[in-house]
Amino acid sequence: MRKPTRKREVGRGERVLPGVWRLRLPLPWPGVPHCNAWALAAGDGIVLVDTGMHEPGSMAHLERALDQAGLSVEHVRLLVCTHAHVDHCGEAPRIRERTGCEVWMHPARGHLPAGGGDAEQPLVRRVEVARQSGVPEAPLRRWAEQRRASGSGLSGELVSDRDLVPGVTVASDLGEWRVIETPGHAPSHVCLHQPERRLLISGDHLLGRVSLYFDHGHTPDPVGEFLGSLDAVESLDARLALAGHGRPFTDVRAHIEANRTLVAERLDAVRAALRESDDTAYELTRRVHGDAFGEHSATWLLSQTLSWLDHLEARGEAARHAPSPDEPEIWSA
Ligand SMILES: [Zn+2]
Ligand SMILES: [Zn+2]
């Protein structure tokens with residue numbers, strides 16, 4: 001019997017519209033096999049939106065994807081990143097260095113350590129938050145060791161030449177793209193909107209497959225920000241979304257509605273757990289997720305629970321207190 005092997009992903013490029021190419025780039029993450037960068041025709045070159053993550057072989061995947069689109073890295077005249085997560089900006093330092101292009105990103109990108117600097121500091125803070133949330137010492141230590149051992153996903157020091165904020169436009173052969181601030185998934189998240197063609201480059205704000213993630217701990221209420229961003233994007237009335245992961249999709253409104261429904265369901269689950277009994281965020285996460293809560297999903301699920309709790313706290317539906325400075329915080333309804 002042969003052991004099933006995981007299909008090796010490689011970079012792929014395909015045209016989705018005249019002047020728009022999807023570059024599908026592999027990721028080393030379980031459950032998230034690839035991300036999308038987008039190439040937009042612009043004069044004698046392209047605007048590249050997002051880059052994929054930096055890891056061994058990642059530039060070759062990008063080159064391969066661009067080559068399938070009849071393009072090359074040397075065509076990049078401008079690099080725009082939807083947000084400061086490494087699967088969207090990891091190769092930005094290397095592409096900037098290689099092509100001399102400018103990089104534009106939103107200024108609220110402090111949630112990503114800029115690379116080249118001290119990577120230990122944010123890790124120490126995350127460990128502190130985890131301890132405060134009631135995560136036991138042994139798995140917390142294993143997690144921190146793993147994080148120290150894995151690469152940053154960044155190809156160098158992340159530099160932005162221009163703030164990607166409302167009012168800034170990105171020129172392309174399809175017309176100008178406007179910057180729409182869409183915080184929630186990450187504080188630095190923006191979407192790009194092409195109003196005449198009703199196109200939306202939605203990054204991780206709206207994905208083909210509805211799934212939620214909030215970069216917790218940088219702003220008071222990421223869930224509240226995300227809901228506001230859904231409203232902002234709904235008012236654009238886009239007819240095609242080019243997402244950061246998965247296929248492009250046309251039923252943009254239905255996706256926005258499905259995101260709202262999922263937010264409401266998750267909040268209800270946390271409310272129900274709080275009604276049962278007061279608890280630490282760690283124990284609440286275990287109770288809400290049951291069997292899905294394991295060592296590999298724990299940090300992901302815990303940061304989501306903390307985001308739900310922050311939102312309930314902002315709405316006056318939950319409160320926290322620490323029995324003593326050394327003990328984990330207890331949440332109550
Ligand atoms: Zn992201
Ligand atoms: Zn992503």
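**Close-up views of the predicted model**

**Figure 1. The site of the zinc ion (ligand 1).** Around the zinc ion (ligand 1), the 4 donor atoms subtend angles of 91 to 172 degrees, which makes the arrangement irregular. This description, like those that follow, refers to a predicted model. Coordination of the zinc ion (ligand 1) comes from His83 through NE2, His85 through ND1, His185 through NE2 and Asp204 through OD, at 2.1 to 2.4 Å. Along the sequence, these donor residues follow the spacing H-x1-H-x99-H-x18-D. His83 is buried, with a relative accessible area of 0%. His85 also counts as buried, at 13% relative accessibility.

**Figure 2. The site of the zinc ion (ligand 2).** The zinc ion (ligand 2) is held by Asp87 (OD), His88 (NE2), Asp204 (OD) and His245 (NE2), at 2.1 to 2.2 Å. The angles subtended by its 4 donor atoms run from 90 to 156 degrees, and the arrangement is therefore irregular. In the chain, the donors of the zinc ion (ligand 2) are spaced D-H-x115-D-x40-H. Distant parts of the chain are linked here: His88 belongs to helix H2 (residues 86-89), whereas His245 lies in the loop between strand S12 (240-243) and helix H7 (252-276), 157 residues apart. Both His88 and His245 are buried.

**Figure 3. The bridge between the two zinc ions.** A distance of 3.5 Å separates the zinc ion (ligand 1) from the zinc ion (ligand 2), and Asp204 bridges them. Asp204 is thus listed among the donors of the zinc ion (ligand 1) and among those of the zinc ion (ligand 2).

**Figure 4. The surroundings of His111.** His111 is placed in the loop between strand S6 (102-105) and helix H4 (120-132). With 10% relative accessibility, His111 counts as buried. Its side chain forms a polar contact of 2.7 Å with the side chain of Ser188. A further polar contact, of 3.2 Å, joins the side chain of His111 to that of Asp215. Not counting residues up to four places away in sequence, His111 touches Ala84, His85, Ala186, Pro187, Ser188, Asp215 and His218. One of these residues, His85, is also a donor to the zinc ion (ligand 1).

**Figure 5. The buried side of helix H1.** Within helix H1 (residues 58-68), the buried residues are Ser58, Met59, His61, Leu62, Ala65 and Leu66. The arc that they cover around the axis is only 160 degrees, which puts them on the same side of H1. These buried residues pack against strand S1 (12-17), strand S2 (20-29), strand S4 (45-49) and helix H3 (92-99). After H1 comes Gly70, which has a positive phi, near 75 degrees.

**Figure 6. Ser58 in helix H1.** Ser58 is part of helix H1 and counts as buried, at 9% relative accessibility. Leaving aside neighbours within four places in sequence, Ser58 contacts Met53, Glu91 and Arg94. The side chain of Ser58 reaches the backbone oxygen of Met53 at 3.4 Å. From Ser58 to Pro325 the separation is 267 residues in sequence and 44 Å in space, C-alpha to C-alpha.

**Figure 7. The buried face of helix H3.** Ala92, Pro93 and Ile95 are buried in H3. Seen down the helix axis, the buried residues of H3 fall within an arc of 170 degrees, so they line one face of the helix. Their packing partners are S4, H1, strand S5 (76-80), H2 and S6. H3 is followed by Gly100, with a positive phi near 75 degrees.

**Figure 8. The nonpolar cores.** In soluble globular proteins, nonpolar side chains tend to be buried together. The largest nonpolar core of this model has 44 residues, and Leu206, Leu274 and Trp308 are those with the most contacts inside it. Two or more residues each are given to this core by H4, helix H5 (137-149), helix H6 (222-234), S12, H7, helix H8 (281-289) and helix H9 (298-314). The greatest contribution is that of H7, with 8 residues. Leu274, apart from its neighbours within four places in sequence, is in contact with Leu284, Arg287, Leu309, Leu312, Ala318, Trp331, Ser332 and Ala333. Another core lies apart from the one just described and has 32 residues, among them Leu23, Leu25, Leu27 and Val76.

How values were computed: Residues are numbered from 1 along each chain as its sequence is written. Chains are lettered from A and ligands numbered from 1 in the order in which they are written. This is a predicted model: local features need pLDDT of at least 70, side-chain atom pairs count only at pLDDT 80 or more; totals for chains, interfaces and linings use all residues. Side-chain values use heavy atoms; hydrogens and water are left out. Buried means under 20% relative accessible area, exposed over 50%, partly exposed in between (1.4 Å probe, protein chains only). Helices (H or I, at least four residues) and strands (E, at least two) are DSSP runs, numbered from the N terminus. The arc is that of the directions from the helix axis to the C-beta atoms. Contact means heavy atoms within 4.5 Å. A polar contact is a pair of N or O atoms within 3.5 Å; within protein, one must be able to donate a hydrogen and the other to accept it, and residues adjacent in sequence count only if both atoms are side-chain atoms. Donors are N, O and S atoms within 2.8 Å of the metal (3.2 Å for Na, K and Ca); water is not among the atoms, so sites may look incomplete. Four donors count as tetrahedral if all angles lie between 85 and 135 degrees; four count as square planar and six as octahedral if opposite donors are over 155 degrees apart and all others between 65 and 115; anything else is irregular. A nonpolar core is a set of buried Ala, Val, Leu, Ile, Met, Phe, Trp, Tyr and Cys residues joined through side-chain atoms within 4.5 Å.
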